[in-house]
Amino acid sequence: MPEVRIVEVGLRDGLQNESAILPTEVKRKIAEGLIAAGVRDIEATSFVHPRWIPQLADAEELAGSLPRAEGVRYRALVPNRKGLERALDTPIDEYAVFLSASETHNRKNINKSIDETFPVLEEVVQLARERGKRVRGYVSTVFGCPYEGEVSVAQVAKVCDRLFEMGVYEVSLGDTIGVAHPRQVKEVLQDLLRLFPADRLAGHFHDTRGTALVNAYVALEMGITTLDSSFGGLGGCPYAPGASGNVATEDLVYMLEGMGVSTGIDLEALCRVSASVQERIGRRLPSKVLQSTLASRPRKRGEKE
Ligand code: HMG
Ligand code: MG
């Protein structure tokens, strides 16, 4: 049976965009639920400046309290050397560095030009690898920038190339503001796959315009077998206006398993996690599969819809 590796980014990408700050213990319980549902690859938090992302200011505390289980790997975003030093003091297994393919989003998000960012990330990757840590790379605004509009594939390729040169094991291609459509995904991947092997690229699709799932499908058809998603469909970058949630893990799992592609994730158990987060946050989460699962579940007497 073909397989897809799902990278669950809800605890990081999902919660960073929520106005409500969840207590560390609630986040720990979410991780526990994700593991029980079969999720193995969990992006748990970020060691960014807590003033920039207050929702993840508890990174150290959370990292130290995450449940451990066979085969489960936790990752955290690390923007610079200071973030790396913080991360290295915790049991997080691996890191992710990130930058944008477009200048303006890069500056708004991490306060540097793209060229100023490269040496910062280079140092992070080198030091992390010396300490035996694998590092993933993210490229944001691959399919469009909220400030500049179109982004050229040549610019995306240049940023990917620099990340691989630094020694990241994989680059995740971010449709940060969910503007991509299937034909564009196909064309961009066709170009990138001439330069980089499919097993070193991942797809990271946000669903602002309802195209994330179909974009993930096209990426899979093009040979990409690592896809990022977020429980319940939470997510977004606070420094990318208009960005909304990632493709929902439930929707992705439903589609893939239905197509005979194994994800290792138990949909019912995952829906229980997202249902508890929905209750906690107090609004309907975007995942369609979650909502249909909840709607068809027998209700207890007196339970609210
Ligand atoms: P800066 O203000 O330029 O930092 O922020 P600085 O290097 O000038 O340092 C200023 C002060 O911040 C210093 O403290 C540093 O020590 C401190 P002082 O000496 O003044 O007391 N500092 C830190 N403190 C804690 N942790 C750190 C850290 N770094 C410096 N890591 C910085 C630069 C990168 C830190 C800031 O811009 C930042 O934190 N940005 C993060 C924004 C972010 O998290 N965005 C969302 C994640 S990216 C995303 O969602 C996209 C993705 O999902 C893919 C996609 O969808 O496209 C990955
Ligand atoms: Mg994202």
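Let's start inside the protein: β7 gives the largest share of the lining of the largest cavity, with three residues. Bear in mind as you look around that this is a predicted model.

Which elements each supply at least two residues of that lining? They are α8, spanning 182-193, and β7, spanning 201-205. If you would like to pick out the whole lining in your viewer, select Phe143, Leu173, Val185, Leu189, Ala202, Gly203, Phe205, Ala219 and Ile224. In character, eight of these lining residues are nonpolar and one is polar, while none is charged. The space they surround in the largest cavity comes to about 40 Å³, and the structure holds one cavity of 30 Å³ or more.

Now step back to the chain as a whole. Its secondary structure consists of twelve helices and eight strands. Along the principal axes, the C-alpha atoms fill a box of roughly 60 × 45 × 35 Å. How does the radius of gyration fit with a compact globule? For 305 residues, such a globule would have a value near 19 Å, and the chain has 18 Å, so the two agree.

The contacts and surface round off the tour. If you take contacts between residues at least 6 apart in sequence, 73% of them join residues at least 24 apart. Of the 305 residues in the chain, 58% count as buried, with buried meaning under 20% relative accessible area. On the outside, the chain exposes about 13,200 Å², and carbon and sulfur atoms supply 49% of that area.

Notes: Residues numbered from 1 in each chain as written. Chains lettered and ligands numbered in written order. Predicted model: local features only at pLDDT ≥ 70, side-chain atom pairs only at ≥ 80, totals over all residues. Heavy atoms only, no water. 1 Å grid on protein atoms, 1.4 Å probe; cavity = no way out; pocket = protein on both sides within 12 Å on 5 of 7 lines; lining within 4 Å. Points joined across faces, edges and corners; volume = space filled by probe spheres on them. Helix = DSSP H or I, 4+ residues; strand = E, 2+ residues; numbered from the N terminus. Nonpolar A, V, L, I, M, F, W, Y, C, P; charged D, E, K, R; others polar. Rg over C-alpha atoms; globule rule 2.2 N^0.38 Å. Buried < 20%, exposed > 50% of the residue type's maximum accessible area, 1.4 Å probe, protein only. Contact = heavy atoms within 4.5 Å. Areas by Shrake-Rupley, 256 points an atom, 1.4 Å probe, with all protein chains shown as cover.
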